Amino acid sequence: MRLGFIGAGNMAQAMIGGVLESGILQRDEIIASAATQKTVEKVQKEYGIYATLDNKEIAKADIIFLAVKPIYCEQVIKEIKDVVSGQQIIVSIAAGKSMAWLEGQFGGQKKIIRTMPNTPALVCEGITAVCPNGNISNEELKSVCNLLESFGKAEVIPESMMDAVIAVSGSSPAYVFLFIEAMADAAVAEGMPRAQAYQFAAQSVLGSAKMVLETGKHPGELKDMVCSPAGTTIEAVRVLEQEGFRGSVMSCMRACADKSRNM
């Protein structure tokens, strides 16, 4: 099998690294294109794969990841659509580009899978939403999910959930990074060295997330376990609620989903 990436930015590199580390494919089975010679050389050096500036060359792969930013999708598809056959699998990671839009741009009976990965794929802890069109067989879907699971988890979803996925996982690492930064800033204000503040804040978020995933307990129950009567934590929670913490998170996710719907 030949796996191709059109676009070789951070997300594509995370995927390439995960696939190679898992051993699913070897370096000579992965090819990529990039917009600049600098990126071509970087990808060749760091991952040992073939890279080029020619998108059409990559469009001959068995599975093609369309890994360019949404604003460039139409331009790139126009460039490669006459090269892609009905036997190849096209995997899009572009936010806001619906299956109907992708099918319309490529034309004909193309095998298309719409996905939404996230940047924790860089440390093999990503989660990817997967939505196939009617031309994808169960075996083909399984093969693509195996690739996606080399750098985290993959979940097949109906396309109607994709805007919610973009808000809850595709974009949410940015919210978490803001939260970690804010906690670290507060710790620094209390006298903790900056590097140590980031370590404490980030590890607390990592550990808390593992507790949700591994205990199966409701987040509210886990929160209650930390909140002693008349204690420090419940006082902090009171202030978060007073400042509209949960409402702000829900509002930002609604804005994110709305943006995705209207792209």
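**Charges, fold and a nonpolar patch**

Let's start with charge: the chain carries 25 positive and 29 negative side chains, and the centres of these two sets lie 3 Å apart. Keep in mind as you look around that this is a predicted model.

Now step back and take in the whole chain. Its secondary structure comes to twelve helices and eight strands. If you follow the C-alpha trace along its principal axes, the trace spans about 65 × 40 × 30 Å. How do the parts of the sequence meet in this fold? Take the contacts between residues at least 6 apart in sequence: 61% of them join residues at least 24 apart.

Next, think about inside and outside. The chain has 263 residues, and 39% of them count as buried. On the outside, the accessible surface comes to about 14700 Å², with 55% of that area belonging to carbon and sulfur atoms.

One spot on this surface is worth a visit. Which residues form a nonpolar patch there? They are Phe 179, Met 183, Leu 240, Phe 245 and Val 249, and together they have about 360 Å² of accessible area. Two elements, α8 (172-189) and α12 (245-261), each give two or more residues to the nonpolar patch.

Let's finish with a single member of the patch, Met 183, which you can find in helix α8. Is Met 183 buried, exposed or partly exposed? Met 183 counts as partly exposed because its relative accessibility is 30%, and that class lies between buried, under 20%, and exposed, over 50%.

Terms used. Residues are numbered from 1 along each chain as its sequence is written. This is a predicted model: local features need pLDDT of at least 70, side-chain atom pairs count only at pLDDT 80 or more; totals for chains, interfaces and linings use all residues. Side-chain values use heavy atoms; hydrogens and water are left out. Helices (H or I, at least four residues) and strands (E, at least two) are DSSP runs, numbered from the N terminus. Buried means under 20% relative accessible area, exposed over 50%, partly exposed in between (1.4 Å probe, protein chains only). Contact means heavy atoms within 4.5 Å. Accessible areas come from the Shrake-Rupley method with a 1.4 Å probe; for residues, only the protein chains shown count as cover. Lys and Arg count as positive and Asp and Glu as negative; His and the chain ends are not counted. The place of a charge is taken as NZ of Lys, CZ of Arg, CG of Asp or CD of Glu. Patches are made of residues with over 30% relative accessible area and no salt bridge: like charges are joined within 9 Å, nonpolar side chains (Val, Leu, Ile, Met, Phe, Trp, Tyr) within 5 Å. A salt bridge is a side-chain nitrogen of Lys or Arg within 4 Å of a carboxyl oxygen of Asp or Glu.
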